[in-house]
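Here is a short briefing to read with the structure open beside you. It takes the two DNA strands in turn and then looks at how a pair of helices pack.

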Number of protein chains: 2
Amino acid sequence: MPRSPKTADQDVVKRRVSCSIAGALELVGERWSLLAIREMAYGVHRFDQITGYTGAPRNILTDRLKSLEGSGIVERRQYSERPPRFEYHLTAAGRELVPVLIALSQWGDRWGHDEPIESFPHSCGAPLQVDHTCHHCHQPVVPEDLKPQAMGIAAH
Amino acid sequence: MPRSPKTADQDVVKRRVSCSIAGALELVGERWSLLAIREMAYGVHRFDQITGYTGAPRNILTDRLKSLEGSGIVERRQYSERPPRFEYHLTAAGRELVPVLIALSQWGDRWGHDEPIESFPHSCGAPLQVDHTCHHCHQPVVPEDLKPQAMGIAAH
DNA sequence: CTTAATCCGTTGTGTTTTGGAACTGACTCG
DNA sequence: CGAGTCAGTTCCAAAACACAACGGATTAAG
């Protein structure tokens, strides 16, 4: 019986625009953006190096860096006057994307289709494996925590 | 002086292909993919509902779901025989993307350009704020942990 | 029985975004 | 001078995208 219990559907669009995930993806969800951010997090700050390491086409990277700068994620620092040259650095907002990168990398380690890669070592020496815990109750955050009644979703 | 200390640059491409972040982005980095995954994590499993909530064009969503199914992130379950109808569910791989979604949403809450949104409540009741800690040493993971000597990056 | 509506797509048609490669320009080094 | 570096820009073909319309299968309403 393909007939659902009829949910209010006027606000179909409301959820989309007022969602932090969609909002984040609007700023960093385009191709190459997160990879460029990864490079800067690694400590790579020069245009040519970023293109080289990410594989991003130069013109695309130009665009991405420009828009990331516009979003306050990247800061453009001039390091040479007379051939005007710039370095790209993460702002505080950019640095706070690192958990996203780490989460992606952990997932990629486990489920990516490429050969198994050695993961980063944490500063403690052990291979980094991140636990996600609630700041308040210190319990691990599980997938079901994303499935809340919040935002007026009828239970399906 | 725009002159770097000359680094070996033959393996410029090596890093890109052998990176778990890039690998993950190849599978879920396209537009609408993560939003569709978000919906399934929320418990929304039907085509029309997913298009409605995400705003993704139908044909694009068809593509995305197909490719996510091919990557083993989404499972297509038939729930009606004679008008053949399907539901889309996350696999284990898909469910493990939830930390990525949560990290993105936390970032979006703080830095997204839209109006401040109320965040999810955790199951403990408090507004969810996630701590990222090393599974071994239980220390918080900080941005600098991503900047390692690993992967043969010369210090810049 | 006829008409409308739901649900899940597919097709068709333009627009936008990409990717790749070549080109510019201002230097630097030997 | 000639080769090399660095950071872009420009050009163009190819791919991805958005929108709207169409379709078949079925159930609900009048």
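In this predicted model, α5(A) is the element that gives the most to the surface near DNA strand D, contributing four residues. That surface is made up of 25 residues, and the closest to the strand are Arg85(A), Tyr88(A), Asn59(B), Arg64(B) and Arg82(B).

**Around DNA strand D**

- Sorted by class, the surface near DNA strand D holds twelve charged, nine nonpolar and four polar residues.
- Sugar or phosphate accounts for 73% of the atoms of DNA strand D within 4 Å of the protein, and bases make up the rest.
- Tyr88(A) has a side-chain N or O atom 2.6 Å from a phosphate oxygen of DNA strand D.
- Arg76(A) also reaches a phosphate oxygen of this strand, with a polar side-chain atom 2.9 Å away.
- Arg85(A) meets a base instead: an N or O atom of its side chain is 2.9 Å from a base oxygen of DNA strand D.
- Elements giving two or more residues to this surface are α4 (47–54), α5 (58–70), β1 (74–80) and β2 (85–90) of chain A, along with α5 (58–70) of chain B.

**Around DNA strand C**

- DNA strand C has 26 residues around it, of which Trp32(A), Arg64(A), Arg82(A), Arg85(B) and Tyr88(B) come nearest.
- These surroundings divide into 13 charged, nine nonpolar and four polar residues.
- Of the atoms of DNA strand C within 4 Å of the protein, 68% are in sugar or phosphate, with the rest in bases.
- On the phosphate side, a side-chain N or O atom of Arg64(A) lies 2.6 Å from a phosphate oxygen of DNA strand C.
- On the base side, Arg85(B) places a polar side-chain atom 2.7 Å from a base oxygen of the strand, and Asn59(B) has a side-chain N or O atom 3.4 Å from a base oxygen.
- At least two residues each come from α5 of chain A and from α4, α5, β1 (74–80) and β2 (85–90) of chain B.

**How α4(B) and α5(B) pack**

- Helix α4(B), residues 47–54, packs against α5(B) at an angle of about 115°, and the two axes are 10 Å apart.
- The two helices α4(B) and α5(B) are therefore roughly perpendicular to each other, and their crossing is right-handed.
- From α4(B), Phe47(B), Asp48(B), Ile50(B) and Thr51(B) meet Arg58(B), Leu61(B), Thr62(B) and Leu65(B) of α5(B).
- The residues of this contact comprise four nonpolar, two polar and two charged.

Notes:
Residues are numbered from 1 along each chain as its sequence is written. Chains are lettered from A and ligands numbered from 1 in the order in which they are written. This is a predicted model: local features need pLDDT of at least 70, side-chain atom pairs count only at pLDDT 80 or more; totals for chains, interfaces and linings use all residues. Side-chain values use heavy atoms; hydrogens and water are left out. A residue is near a molecule or strand if one of its heavy atoms lies within 4 Å of it. A polar contact is a pair of N or O atoms within 3.5 Å; within protein, one must be able to donate a hydrogen and the other to accept it, and residues adjacent in sequence count only if both atoms are side-chain atoms. Ala, Val, Leu, Ile, Met, Phe, Trp, Tyr, Cys and Pro count as nonpolar, Asp, Glu, Lys and Arg as charged, and the others, Gly among them, as polar. Axes are lines fitted to C-alpha atoms, for helices over the stretch in contact, and angles run from 0 to 180 degrees between N-to-C directions. Angles under 35 degrees count as roughly parallel, over 145 as roughly antiparallel, 65 to 115 as roughly perpendicular and the rest as oblique. A crossing is left-handed if the near helix is turned anticlockwise from the far one by less than a right angle, and right-handed if clockwise. Contact means heavy atoms within 4.5 Å.
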